Structure formats: C-alpha cells, structure tokens
Amino acid sequence: MKIDGMSCGMCEAHINDAIRKVFSVKKVTSSHRKGITELLIQDAVDTQLLKHAVEEFGYKVLDIRCEPYERQGFSLFKRK
C-alpha cells in the first residue's frame, strides 16, 4: 500500500495497529520514509475495508496492490 501522511515511527505504529485490529495478518510493516505499508496475509483482502481502517486515523491511501507471496529461500549455492 502507498500511504500519504506518515511522518514518523509513531505513524507507522498507528497504521500497523489499525490493520491488525481489522485483519488477521501474519506480518505488517510500514515505512514513513518510503510511504508504504506491506502486509502478509493468508486470506483475500477487502481493499475497501483496508483503506477505511487506515484512513480512519487521518492517513490517505494512494494505492493498494495485491501480489501472491513468494517465499525467498536462503542458500549458499545458487541453482541454475
């Protein structure tokens, strides 16, 4: 999600808490410097509900993009 209005770490915490209250997320992280929030969730997301949860705290959701999760494995040996 791209979010406008975050200016500090407390803003990040407010958004993360708001999302956790509405959705059962595996992980949620926000960056006020990048203006983004990323969440890892197993079920489908109601984007309108997600937008409302964030904007209720005075932030502006600019974009929501959903992508399937691809696990990034760590290996010392590259596969070819």
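**Figure 1. The whole chain at a glance.** Buried residues account for 26% of the 80 residues in the protein chain. Keep in mind that what you're looking at is a predicted model. The chain has two helices and four strands, and read from the N terminus they come in the order β-α-β-β-α-β. Take the contacts between residues at least 6 apart in sequence: 49% of them join residues at least 24 apart. As for the outside, the protein chain exposes about 6,600 Å², and carbon and sulfur atoms supply 48% of that area.

**Figure 2. The largest nonpolar core.** This core has 13 residues. The ones that touch the most other members are M1, I3, M6, I15, I19, V54 and Y59. Two elements, helix 1 and helix 2 (47-55), each give two or more residues to the core. Helix 1 provides the largest share, at three residues. As a bit of background, nonpolar side chains in soluble globular proteins tend to be buried together.

**Figure 3. Zooming in on M6.** M6, one of the core residues from the previous view, has a long guest list. Setting aside its neighbours within four places in sequence, M6 is in contact with C11, E12 and I15, among others. The list also includes S30, S31 and H32, along with G35, I36 and T37. Y59 is in contact with M6 too, and both I15 and Y59 are themselves members of the core.

**Figure 4. A salt bridge along helix 1.** Here the side chains of D17 and R20 meet, N to O, at 3.3 Å. The count of salt bridges comes to one. Both residues sit in helix 1 (residues 9-22), three residues apart, or about one turn of the helix. Is D17 buried or exposed? Neither, quite: D17 has a relative accessible area of 39%, so it counts as partly exposed. R20 is also partly exposed, with a relative accessible area of 44%.

**Figure 5. N16 and its link to S30.** N16 also belongs to helix 1. With a relative accessible area of 10%, N16 is buried, because buried means under 20%. What joins the side chains of N16 and S30? A polar contact of 2.6 Å does that job. Beyond its neighbours within four places in sequence, N16 is in contact with V28, T29, S30 and T37.

**Figure 6. The hairpin of strand 2 and strand 3.** Strand 2 (residues 27-31) and strand 3 (residues 36-40) run antiparallel and pair over five bridges. K27 stands opposite L40 in strand 3. How many residues lie between the strands of this hairpin? There are four, and G35 is worth a look, as this residue takes a positive phi near 70 degrees.

**Figure 7. D4 and its surroundings.** D4 is found in strand 1 (residues 2-4). D4 is partly exposed, with a relative accessible area of 46%. Once the neighbours within four places in sequence are left out, D4 is in contact with Y59, K60 and L62. For a sense of scale, D4 and K34 are 30 residues apart in sequence, and their C-alpha atoms are 9.8 Å apart in space.

Methods. Residues are numbered from 1 along each chain as its sequence is written. Side-chain values use heavy atoms; hydrogens and water are left out. A salt bridge is a side-chain nitrogen of Lys or Arg within 4 Å of a carboxyl oxygen of Asp or Glu. Buried means under 20% relative accessible area, exposed over 50%, partly exposed in between (1.4 Å probe, protein chains only). A polar contact is a pair of N or O atoms within 3.5 Å; within protein, one must be able to donate a hydrogen and the other to accept it, and residues adjacent in sequence count only if both atoms are side-chain atoms. Contact means heavy atoms within 4.5 Å. A nonpolar core is a set of buried Ala, Val, Leu, Ile, Met, Phe, Trp, Tyr and Cys residues joined through side-chain atoms within 4.5 Å. Two strands pair if DSSP finds at least two bridges between them. Accessible areas come from the Shrake-Rupley method with a 1.4 Å probe; for residues, only the protein chains shown count as cover.
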